[in-house]
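Please open the model in the viewer and keep the selection tool at hand. The tour visits a sheet and then a pair of helices.

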Amino acid sequence: MGYDGSGLVGSGTEYRMVPGETVTDRHKIVVVGGGAAGLELVTKLGDRLGKDRAHVTLVDRARTHIWKPLLHEVAAGSLDVGHHAVDYLHHAHAHHFRYRIGEMTGLDRERKVIHLAASYDSEGREITPVREVAYDTLVMAVGSTTNDFGTPGVAENAIALDTPDQAVRFHQRLINGMLRAHTQVGPVRPGQLHVTVIGAGATGTELAAELHRTTREVAKTGLDKIDPTKDLKITLVEAADRILPAVPERLSGEVMTLLSQIGVEVRVKARVTEVKPDGVQLADGGFIPSELVVWAAGVKAPPFLQGVGGLETTRSNQLVVTPMLQTTRDPNIFAVGDCAYLVEQGSDTPIPPRAQAAHQEASHLYKQIVARLDGKPLTPFKYRDFGSLVSLGHYTTVGNLMGFIQGKNMFIAGLFARVMYRSLYKMHEMAVNGMIKTGLDALARALTRRGTARVKLH
């Protein structure tokens, strides 16, 4: 049996020694997934319990964290990953928990261990072997991945924005494509610098607007062979009858108008049947020539969750949980964030896979786990929808705040909406880093930004 030094196997007073660890009877809390929910939760647990009451461990296949709603800015080049990433190993040391690199592949509920795959470097050399991590309390916070609905050509010819690596890869392909067009012998070909974004939810819509600005900023940096008006084109494709189908219709209409004004082409009621190397094929026979295609049309939980350990899952691989956020078949396993499926009493729809839901669930589960260790009863989770905010980058931000004034909704736009949008990220940063470090980081970024390019050019 292989172990990575995450704790001891067994329960009560019977333990088998794990290399690198000392014998202890501390409760073992393992959080799988270092996204918004997982990192906030493990940070609070480490600060509260990690010194003397519990062994708290974070498991993630990546080495750094970046807030997922920022990935569209990384892809567009308006945000540098290095200035916003949280290093798991350093953060774990500072907040009294342990970080173990690895991708979860399975679960043994009887032995209370999770299985991790081996990890490798870019040259194919093994870094960490196949191993197991023991737990007493397990929290699944593995987020979600893009759902391509089996559409042909998506895996080969489109890029998703699930991870920072994917966002960086898209941006590099975008910059390389523009450099190629500028230096080639012939003129820019029709469709050569066209980008199609499939899926007009928040991610797709925000990316389309951000790309419209950043591609023009790049063209201004000496790529005089590229005519932004003629050569650069952003197309947003949505199968529903309007963009942002999950938000109020008024908000959707405002965003649609703004996109049209800045020159982003929007196609609604347009179902994609295939993504080809040179563009996107539509069900109505239409074809959109595109050098780059982003797939942002739907999410699902990671495939390995489907029936993992005999737990109850949905068709989209989500773990079904009770109002206490415990999985329905094992009270020692919890789930939060996009990978959790919960329909609250009185509702006929599940809690949506949104950042505010992940934040609320992480805050609630932190209190649940502390209460559980204290022998106190658990309390049900109550989700509160605070509304929706959509940022169109440099152009504007619009939103709808729920119950803002005496139970009524309030439509906001412009500077106030942008401040509210940015405050969501600051709330996440403060939950992870605390108020002082968040303030210092914000100041450092502001000072650094004055001496750097407005758009990342590499």
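Select Q281 and its bridge partner in β18, F287. Q281 belongs to strand β17 (residues 279–282), strands being DSSP runs of E of at least two residues and helices runs of H or I of at least four, numbered from the N terminus. Three bridges join β17 to β18, and the two strands run antiparallel; a pair requires at least two DSSP bridges. This model is predicted, so local features need pLDDT of at least 70 and side-chain atom pairs count only at pLDDT 80 or more, whereas totals for chains, interfaces and linings use all residues. Residues are numbered from 1 along each chain as its sequence is written, and side-chain values use heavy atoms, without hydrogens or water.

Next, extend the selection to the open sheet of three strands, whose order is β16-β17-β18 with antiparallel pairing. Its edge strands, β16 (272–276) and β18 (287–289), each pair on one side only. Neighbouring strands are turned by 15° against each other on average, direction ignored.

Now select helix α1 (residues 36–49) and helix α10 (residues 355–373), whose axes come within 8 Å and cross at roughly 30°. Axes are lines fitted to C-alpha atoms, for helices over the stretch in contact, and angles run from 0 to 180 degrees between N-to-C directions. The crossing angle makes α1 roughly parallel to α10, a term for angles under 35 degrees.

Finally, display the side chains where the helices meet (heavy atoms within 4.5 Å). Among the residues in contact are L41, L45 and R48 of α1 and H359, Y366 and I369 of α10.

Note on methods
Angles under 35 degrees count as roughly parallel, over 145 as roughly antiparallel, 65 to 115 as roughly perpendicular and the rest as oblique.
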